[in-house]
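Here are my notes for you, written up as numbered points. Have a look at the model first, then read along with it open beside you.

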Amino acid sequence: VLKSNFTDIEVCVFDNYSRTPDESLGVIKEFGFEESLSFFSQEIHIEWSANWNFLLRKASGKYFILLGDDDLLIPYSLERIKIYIDKDSSVDIFAIGYQVIDSIGIPTYSIRGTKPIMIDINKTGLVKKLFNADILPFALFHPLTMAYKLELRDELKYNQEAGIGSDYLFLFEAILYGKIIQIIPEV
């Protein structure tokens, strides 16, 4: 995020009871963009779905991208996503390809679509494939790392009882609620 040329961002950092929130905040301040940064710290550990919902409530921008502590964005990602947003503002969620990087920082493989794909409830064949296939959406995008309209937080929440599948459930509920998903064929 910090290597991006895209400057119209708000960064919300959530320390989920690391026991050293002051140290975490100190590291963040070293990056030097405090004016666009909000830092939150929990007094007890909460599950990841609760983390995501908490950050959604705290964010104030038009779009939201959730990144975990093991995620990163390629430097041009935000600019590329913005191009797709500007092309079609009726889209609710922009899903992006991803790259897997090993423990020493070497990219091992990338996953992305070969062309832009729109998913909505009216494309029943595509929706059936999405619901029935165990490899989708991972064959085209990561189901957690998506740019979506922040206004969706009023309609959709990450289900705190779904556990590791809460990102899938969020995606499926978005489709069932008639939200339009654009798959961006880029990492």
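The points below start with the whole chain and then go into a few helices and single residues.

1. First, what you are looking at: this is a predicted model, where local features need pLDDT of at least 70, side-chain atom pairs count only at pLDDT 80 or more, and totals for chains, interfaces and linings use all residues. Residues are numbered from 1 along each chain as its sequence is written, and side-chain values use heavy atoms, with hydrogens and water left out.

2. The overall layout. The protein chain has five helices and nine strands. Both are DSSP runs numbered from the N terminus, with helices being H or I of at least four residues and strands being E of at least two. If you walk along the sequence, you meet them in the pattern β-α-β-α-β-α-β-β-β-β-α-β-α-β.

3. Size. The C-alpha trace spans about 50 × 35 × 35 Å along its principal axes. The radius of gyration is 17 Å, which agrees with the value near 16 Å for a compact globule of 187 residues. (That radius is taken over C-alpha atoms, and the globule rule is 2.2 Å times the number of residues to the power 0.38.)

4. Inside and outside. Of the 187 residues, 40% count as buried; buried means under 20% relative accessible area, exposed means over 50%, and partly exposed is in between, using a 1.4 Å probe and protein chains only. The chain exposes about 11000 Å², and carbon and sulfur atoms supply 53% of that. These areas come from the Shrake-Rupley method with a 1.4 Å probe, and for residues only the protein chains shown count as cover.

5. Contacts along the chain. A contact means heavy atoms within 4.5 Å. Among contacts between residues at least 6 apart in sequence, 74% join residues at least 24 apart.

6. Now helix α3, residues 77–87. Which of its residues are buried? They are S77, L78, I81, Y84 and I85. They cover an arc of only 120° around the axis, so they sit on the same side of α3; the arc is that of the directions from the helix axis to the C-beta atoms. The background is simple: an α-helix has 3.6 residues a turn, so residues three or four places apart point the same way. The cover over the buried residues of α3 includes β3 (63–65), β4 (93–96), β8 (146–149) and β9 (181–184).

7. The other face of α3. Turned away from the buried side, you find the exposed residues D86 and K87. The charged end of K87 sits over the ring of Y84, 4.9 Å from its centre. (To count, NZ of Lys or CZ of Arg must be within 6 Å of the ring centre and within 35 degrees of the ring normal.) E79 is in α3 too, and E79 is partly exposed at 22%. Leaving out residues up to four places away in sequence, E79 touches S4, N5 and F6.

8. Aromatic rings. The structure holds eight aromatic pairs. Rings of Phe, Tyr and Trp (its six-membered ring) pair if their centres lie within 6.5 Å; planes under 30 degrees apart are stacked, over 60 edge-to-face, and the rest tilted. The rings of F40 and F54 have centres 5.5 Å apart and planes at 85°, so this pair is edge-to-face. F40 lies in β2 (residues 37–41) and F54 in α2 (residues 48–58), so the pair ties together parts 14 residues apart in sequence. F40 is buried at 18% relative accessibility, and F54 is buried at 15%. Elsewhere on your list, W52, F64, Y148, Y158 and F170 form one aromatic cluster.

9. F14 is worth a click. F14 is in strand β1 (residues 11–15) and is buried, with a relative accessible area of 15%. Not counting residues up to four places away in sequence, F14 touches F40, Q42, I46, N51, F54 and L55.

10. Two more buried residues. N53 is found in helix α2 and has a relative accessible area of 4%. Beyond four places in sequence, N53 touches K157, Y158 and Q160. L66, in the loop between β3 and α3, is buried at 4%. With the same sequence limit of four places, L66 touches W52, L55, L144, T145 and M146.
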